[in-house]
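Visitor: Got a minute to walk me through this one? I'd like to start with the packing.
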Amino acid sequence: MTEYLNVGKIVNTQGIKGEVRVISQTDFPEKRYKKGNVLYLFREGKDVAELTIKSHRKHKNFDIVSFENHPNINDVEKYRDGILKVKKDEVGQLEENAFYYHEIIGCEVVDETGELLGTVKEILSPGANDVWVVKHKQHGKKDILLPYIESVMLDVNVTDKKITVEIPEGLIDDEN
């Protein structure tokens, strides 16, 4: 059974020339939307469609993508709300200390003493470095925002789904 990983969701069409707006869920949009790359479109109640990237550009918060043999809006209108995926075995190897989002989300986060802080629920890319959003283990407490930097991340073990961190002073607000 082939496993697939999400690349992005088609949220709308863009113009009349067969382009679609994608909200990306991939760490590597430039790689996934490269001309000639094949992505798989999943839609409820429909067969999986194989689509070849024709063009890609960024526009505001969207990736604007077009596909081979889909020259106008009528060809892509039906893809709205579809999820673009890549085969898991096609994702390739990463350099050391680089991870796919799917490997990190769901990992338990512990501090240097081994105390459980919570679980990674999402990853933000606001600028210079990613921020890992940790859902606090105690209900009602604010999420913990951890910058993905060497001084904070002591050990990332995706096999055991466990991340050990050193919390800089003042990062966690104990008041809430």
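Guide: Sure. Keep in mind that this is a predicted model. The largest nonpolar core has 17 residues, and Ile 10, Phe 67 and Leu 84 touch the most other members.

Visitor: Which elements give two or more residues to this core?

Guide: Strand 1 (4-14), strand 2 (19-24), strand 3 (38-42), strand 4 (49-59), strand 5 (62-67) and strand 6 (83-87).

Visitor: And what lies apart from it?

Guide: Another core, of 16 residues. Among them are Tyr 101, Val 134, Ile 144 and Ile 163.

Visitor: Back to Leu 84. What does Leu 84 touch?

Guide: Leaving out residues up to four places away in sequence, Leu 84 touches Leu 5, Asn 6, Val 7, Gly 8, Ile 10, Val 22, Leu 39, Tyr 40, Leu 41, Leu 51 and Phe 67.

Visitor: Switching to charged side chains. Is Asp 63 buried or exposed?

Guide: Buried. Its relative accessible area is 1%, and the cut-off for buried is under 20%. Asp 63 sits in strand 5.

Visitor: Which side chains does Asp 63 make polar contacts with?

Guide: Ser 24 is one partner, at 2.5 Å. His 56 is another, at 2.6 Å. Both contacts are side chain to side chain.

Visitor: What else does Asp 63 touch?

Guide: Not counting residues up to four places away in sequence, its contacts include Val 20, Arg 21, Val 22, Pro 29, Tyr 33, Arg 57 and Lys 58.

Visitor: Now the sheet pairing. How many bridges join strand 2 to strand 5?

Guide: Four, and the two strands run antiparallel. Val 20 stands opposite Val 65 in that pairing.

Visitor: And strand 1 with strand 2?

Guide: Six bridges, again antiparallel. Asn 12 has Arg 21 in strand 2 as its bridge partner. The two strands form a hairpin with four residues between them. In the turn, Gly 15 has a positive phi of about 70 degrees.

Visitor: Where is Gly 114?

Guide: In the turn of the hairpin formed by strand 7 and strand 8. Four residues lie between those strands, and Gly 114 has a positive phi of about 95 degrees. Three bridges join strand 7 (residues 108-111) to strand 8 (residues 116-124), running antiparallel. One bridge pairs Val 110 with Leu 116.

Visitor: Which strand do six bridges join to strand 8?

Guide: Strand 9 (residues 131-136), antiparallel to strand 8. Gly 118 has His 136 in strand 9 as its bridge partner.

Conventions
Residues numbered from 1 in each chain as written. Predicted model: local features only at pLDDT ≥ 70, side-chain atom pairs only at ≥ 80, totals over all residues. Heavy atoms only, no water. Core = buried A, V, L, I, M, F, W, Y, C linked by side-chain atoms within 4.5 Å. Buried < 20%, exposed > 50% of the residue type's maximum accessible area, 1.4 Å probe, protein only. Contact = heavy atoms within 4.5 Å. Polar contact = N/O pair within 3.5 Å; in protein donor to acceptor, adjacent residues only side chain to side chain. Pairing = 2+ DSSP bridges.
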